[in-house]
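Q: Please take a close look at a single part of what is shown here, and say how that part sits among its surroundings. A plain account will do.

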Number of protein chains: 2
Amino acid sequence: MARKKDENTEALILEAAKTVFQAKGMDGARMQEIADKAGINKAMLHYYYRNKKLLFEAVFNNAFSLLAPQLKAILNDDSPIEEKVRNFTSDYISFIIDYPYIPNFIIQELNRNPDFILKLKDNPSFPNIDKFKKQVDEEVKQGILRPIRAEQLFINIMALNVFPFVAKPLLKAFTNTGEEAYHQLLEVRKTEVADFIIHSIKT
Amino acid sequence: MARKKDENTEALILEAAKTVFQAKGMDGARMQEIADKAGINKAMLHYYYRNKKLLFEAVFNNAFSLLAPQLKAILNDDSPIEEKVRNFTSDYISFIIDYPYIPNFIIQELNRNPDFILKLKDNPSFPNIDKFKKQVDEEVKQGILRPIRAEQLFINIMALNVFPFVAKPLLKAFTNTGEEAYHQLLEVRKTEVADFIIHSIKT
DNA sequence: ATATTTGTTAACCAAATGGTTAAACTATAT
DNA sequence: ATATAGTTTAACCATTTGGTTAACAAATAT
């Protein structure tokens, strides 16, 4: 028998924990299920991560650290707003198709545990809107964009890109589409969402 | 002592259950906490609602039955798309400011329990997109609207209106706004979101 | 008045759950 | 070879949790 050793088990646990936590949330997840999925003894979870909360935080930070760079792309990049909107929309939807659980997971757990975000904001790599704000204000002043507050534009961009994933079951029901057709709708959005936004804000 | 009697307790339980379930979700909610909040014995919960799942479903259906009429307003009404978008945006944001937990609660639990929606769709009062679809197609054909699929427009409308509430903690952090300032942003959206959409789809 | 149905409570219960412990196993250092 | 430090397991534990029960109180029907 004799498992390969240290580093491996830890990663195995994290991977299993990710699956279970993202599917069932902090409260719905069971330590035993995580252990089973990782194919190890339950005591190992505590050996490597002390307790459920810490294991959960490891998973959460992991997920957030995947999401953050996506957002920085639109907030910190130098290209004009229109270009950034187009790139972000396409990139983000591709990204989420690969990691479909992430946005819902983060939003959900952040709602459940609001002071959680304080810890995140401390992190210097937390996305910051300042640069985006200056850019929007500047393009508005130059008459490239209709007057709009950067915060509102940012919310709109996020909403149009993220919501279809977060509310997928509901939207599938309302639009009467099956899995396949819905995925098709999302594929189309890679370009259409950008068009929708640009049409609205460009003078 | 002698509590006022029957009908009352049942409503008391539902109200308490609503608060707890919407704040903590199905898994995070505790029957004891609901009983405490309702000021009654835990056994009463089972007397009136048999078990946790049924109590939860009562709360869920209750929440959904508040949301559904809002959606029907935009789907089934006869006025032109532009007018419907303006009315819906304003009405919906007002509605949610009164019931801030509802969208997140519904989306969350629907993600956790996808076959849950099947039961909802059976209900004849479940919102249906068909009429909206015909209307959009018609206005596109008449040249009133740019070409857009009704499903995509519907998703966009929902996204722009609902997402700011669902992702509130995250968006507050990204936009660096406190409770007061964020509420202000939402207030502004009552009209701005409609403008944003109309600009984008009108020819 | 009295029996019966309905509402309410305190005490209880079995199962599940997060977490611990002590012993065994493995690899590495001496 | 042997001590040492790190890894893994089975068994165990205290607490929590959803749910039940039996007795009691209050209406309502007879």
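A: Contact means heavy atoms within 4.5 Å. Helices (H or I, at least four residues) and strands (E, at least two) are DSSP runs, numbered from the N terminus. This is a predicted model, in which local features need pLDDT of at least 70, side-chain atom pairs count only at pLDDT 80 or more, and totals for chains, interfaces and linings use all residues. Residues are numbered from 1 along each chain as its sequence is written, chains are lettered from A and ligands numbered from 1 in the order in which they are written, and side-chain values use heavy atoms, with hydrogens and water left out.

The part to look at is helix α11 of chain B, residues 179-201. Its 23 residues should span 33 Å at 1.5 Å a residue, and this agrees with the 32 Å between its end C-alpha atoms; the expected span is 1.5 Å times one less than the number of residues. The helix nevertheless bends by about 50° at K190(B), the bend being the angle between axes fitted to the seven residues ending there and the seven starting there.

K190(B) is also one of the buried residues of α11(B). Buried means under 20% relative accessible area, exposed over 50%, and partly exposed in between, with a 1.4 Å probe and protein chains only. Other buried residues of the helix include Y182(B), L185(B), L186(B), R189(B), V193(B) and F196(B). E187(B), also in α11(B), is partly exposed because its relative accessible area is 31%. From E187(B) to A43(B) the C-alpha distance is 43 Å, with the two positions 144 residues apart in sequence.

What do the buried residues of α11(B) pack against? In chain A they meet α9 (150-166) and α11 (179-201). In chain B they meet α5 (81-98), α9 (150-166) and α10 (168-174).

One of these partners, α9(B), also packs with α6(B), residues 102-112, at an angle of about 90° and with the axes 8 Å apart. Axes are lines fitted to C-alpha atoms, for helices over the stretch in contact, and angles run from 0 to 180 degrees between N-to-C directions. The two helices are therefore roughly perpendicular; that label covers 65 to 115 degrees, while under 35 is roughly parallel, over 145 roughly antiparallel and the rest oblique. P103(B), N104(B) and I107(B) of α6(B) meet V162(B), F165(B) and V166(B) of α9(B).

N104(B) is also touched from chain A, by Q108(A), which touches Q108(B) and R112(B) as well, not counting residues up to four places away in sequence. Q108(A) lies in α6 of chain A and counts as buried because its relative accessibility is 3%.

In chain A, the loop between α10 and α11 holds N176(A). Its phi is near 55°, a positive value in a residue other than glycine, and it is partly exposed at 47% relative accessibility.

As background, chain A has 11 helices and zero strands. Of its 203 residues, 49% are buried.
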